[in-house]
Amino acid sequence: MAQPEERRTPSEPRTPSEPRTAREASAPREPSAARDWTDGHVARWQPVLPDLDPVVEGAVTRMKKLSVHLRRVREQSLVDFDLERHEFDTLHKIAGRGGSAAPSELAQDLDLAPASVSGRLDALEKRGFVRRTQSTTDRRRVVVELTDAGHETWLGAMDVLGHEEYRLLGVLSPEERALLNGMLRRVMVEAESTEPTRHW
């Protein structure tokens with residue numbers, strides 16, 4: 001039940017800390033004393049909903065807000081690389097198949113009609129991001145390949161989001177990241193057990 005974001009005054013830049021010793025690096029980190037937007041959100045709703053579990057509400061709200069934040073970063077990266085969302089999705093599916101795919105495979109991956117995929121490929125080909133060639137094993141079969149420009153554009157947009165993900169999770173130690181990943185897996189196993197499998 002995340003509420004609209006409130007404006008917050010940016011905090012002062014932090015002075016880089018001195019290199020930690022090996023013992024300090026391996027020691028468990030203390031929980032951060034800094035408060036975030038969700039702390040205020042939970043505090044506002046607890047008097048209204050006395051049975052509200054602040055831990056559950058805090059965790060779910062933070063996951064929602066993190067998802068929104070990463071989606072905004074992704075959308076901005078598409079703007080920066082002059083890509084429409086459907087163009088990126090198509091390049092992404094081709095890249096996921098090793099840089100080349102048959103139109104029928106893309107139609108399946110994108111859950112689109114073949115005619116819709118053809119239209120997308122026409123536009124990407126005009127931009128120089130893909131090329132269509134005949135298969136070397138079956139001349140009746142067309143293969144769609146990423147060009148160098150298409151691969152660089154797709155990878156550049158991907159890198160923006162990747163860097164932000166590493167920046168955010170960089171506040172955790174490797175052990176904490178592994179623990180978080182494992183706990184989220186357990187939560188997702190439960191979520192996926194009650195609904196059809198989806199490609200997120």
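This report walks through a few helices, and the residues around them, in a predicted model.

Let's start with helix 3, which covers residues 54-80. How far apart should the ends of this helix be? At 1.5 Å a residue, its 27 residues should span 39 Å, and the end C-alpha atoms are 38 Å apart, so the two values agree.

At the N-terminal end of helix 3 you'll find a cap: aspartate 53 places a side-chain oxygen 2.9 Å from the backbone nitrogen of valine 55. Further along, Glu57, Gly58, Thr61, Val73, Ser77 and Leu78 of helix 3 are buried. What do the buried residues of helix 3 pack against? Their partners are helix 2 (37-45), helix 4 (85-96) and helix 7 (148-169).

Helix 7 also holds glutamate 165. That residue is partly exposed because its relative accessible area, 34%, lies between the 20% and 50% cut-offs. Glutamate 165 has an interesting partner to look up in the structure: leucine 70 is 95 residues away in sequence, yet the two C-alpha atoms are 7.7 Å apart in space.

Now for the backbone. Most residues other than glycine have a negative phi. Aspartate 82, just after helix 3, takes a positive phi of about 55°, although it is not a glycine. Aspartate 111 is not a glycine either, and its phi is also positive, at about 55°. Here are the two residues side by side:

| Residue | Place | Phi | Relative accessible area |
|---|---|---|---|
| Aspartate 82 | loop between helix 3 and helix 4 | about 55° | 55%, exposed |
| Aspartate 111 | loop between helix 5 and helix 6 (114-126) | about 55° | 70%, exposed |

Why do both count as exposed? The cut-off is over 50%, so aspartate 82 passes with 55%, and aspartate 111 passes with 70%.

Last up is a pair of helices. Two packed helices are described by the angle between their axes and the distance between the axes. For helix 4 and helix 5 (residues 103-110), the axes come within 10 Å and cross at roughly 115°. The crossing is right-handed. Which residues meet there? On the helix 4 side they are Asp89, Thr90, Lys93 and Ile94, and on the helix 5 side Leu106, Asp109 and Leu110. Sorted by class, this contact has 3 nonpolar, 1 polar and 3 charged residues.

Technical notes:
Residues are numbered from 1 along each chain as its sequence is written. This is a predicted model: local features need pLDDT of at least 70, side-chain atom pairs count only at pLDDT 80 or more; totals for chains, interfaces and linings use all residues. Side-chain values use heavy atoms; hydrogens and water are left out. Helices (H or I, at least four residues) and strands (E, at least two) are DSSP runs, numbered from the N terminus. The expected span of a helix is 1.5 Å times one less than its number of residues. Buried means under 20% relative accessible area, exposed over 50%, partly exposed in between (1.4 Å probe, protein chains only). Contact means heavy atoms within 4.5 Å. A polar contact is a pair of N or O atoms within 3.5 Å; within protein, one must be able to donate a hydrogen and the other to accept it, and residues adjacent in sequence count only if both atoms are side-chain atoms. Axes are lines fitted to C-alpha atoms, for helices over the stretch in contact, and angles run from 0 to 180 degrees between N-to-C directions. A crossing is left-handed if the near helix is turned anticlockwise from the far one by less than a right angle, and right-handed if clockwise. Ala, Val, Leu, Ile, Met, Phe, Trp, Tyr, Cys and Pro count as nonpolar, Asp, Glu, Lys and Arg as charged, and the others, Gly among them, as polar.
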